Amino acid sequence: MRRPHPCVVLVARTHWTVSIIIVGSIALLHWLTRNLPQIEFGPRTYLISGGLAGLYFLAGTLVWFGTTLGPLLSRVCALLYLPRPQFGQVIWDTMNSPEFRAHFRRR
């Protein structure tokens, strides 16, 4: 399989990075608070956080392979980036580019 266009690589790697940061944050918070009885995270907290990490990982993977659900899931995940205009707008504009859209056309 050929390597995707650089704009596709940027979006996919951004989603994968967010996924890794979520998992790292879960691990760090668990490690920092495991011996503190005042702070307790239940299994639901880990389930929701892990689900978000999985969602971002899935979005990056679907974008990388050019599946039909890739652009939709990428847009949903990119909503997190929009509060930071200098970062979010770049990703959003990249997803509007013709090269990015061409990656998802049926071969």
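This text walks through the packing of four helices in a predicted model, with helix H3 as the starting point.

Helix H3 spans residues 70-78. Its buried residues are Gly-70, Leu-73, Ser-74, Cys-77 and Ala-78. Around the helix axis these residues cover an arc of only 135 degrees, so they lie on the same side of H3. What does this buried set pack against? Its partners are helix H1 (6-33), helix H2 and helix H4 (85-96).

Ser-74 illustrates this at the level of one residue. Ser-74 belongs to helix H3, and its relative accessibility is 0%. Because buried means under 20% relative accessible area, Ser-74 counts as buried. With neighbours within four places in sequence set aside, the contacts of Ser-74 are Val-11, His-15, Val-63 and Met-95. Val-63 is one of the H2 residues in the contact with H3, while Val-11 of H1 and Met-95 of H4 both reappear in the contact between those two helices.

Two packed helices are described by the angle between their axes and the distance between the axes. For H2 (residues 43-65) and H3, the angle is about 140 degrees and the axes are 8 Å apart. Angles over 145 degrees count as roughly antiparallel and 65 to 115 as roughly perpendicular, with the rest above 35 degrees oblique; H2 is therefore oblique to H3. The crossing of H2 past H3 is left-handed. On the H2 side, the contact is formed by Leu-55, Tyr-56, Leu-58, Ala-59, Leu-62 and Val-63; on the H3 side, by Gly-70, Leu-73, Ser-74 and Cys-77. By class, the residues of this contact comprise eight nonpolar, two polar and no charged. The four H3 residues named here, Gly-70, Leu-73, Ser-74 and Cys-77, are also among the buried residues of that helix.

The other helix pair to consider is H1 with H4. Their axes are 10 Å apart and meet at an angle of about 130 degrees, which makes H1 oblique to H4. H1 also passes H4 in a left-handed crossing. Which residues meet in this pair? From H1 come Cys-7, Leu-10, Val-11 and Thr-14, and from H4 come Phe-87, Ile-91, Thr-94 and Met-95. This contact has six nonpolar residues, two polar and no charged.

Taken together, the buried side of H3 packs against H1, H2 and H4. Ser-74 contacts residues including Val-11, Val-63 and Met-95, and H1 and H4 in turn pack with each other.

Conventions. Residues are numbered from 1 along each chain as its sequence is written. This is a predicted model: local features need pLDDT of at least 70, side-chain atom pairs count only at pLDDT 80 or more; totals for chains, interfaces and linings use all residues. Side-chain values use heavy atoms; hydrogens and water are left out. Axes are lines fitted to C-alpha atoms, for helices over the stretch in contact, and angles run from 0 to 180 degrees between N-to-C directions. A crossing is left-handed if the near helix is turned anticlockwise from the far one by less than a right angle, and right-handed if clockwise. Contact means heavy atoms within 4.5 Å. Ala, Val, Leu, Ile, Met, Phe, Trp, Tyr, Cys and Pro count as nonpolar, Asp, Glu, Lys and Arg as charged, and the others, Gly among them, as polar. Buried means under 20% relative accessible area, exposed over 50%, partly exposed in between (1.4 Å probe, protein chains only). The arc is that of the directions from the helix axis to the C-beta atoms.
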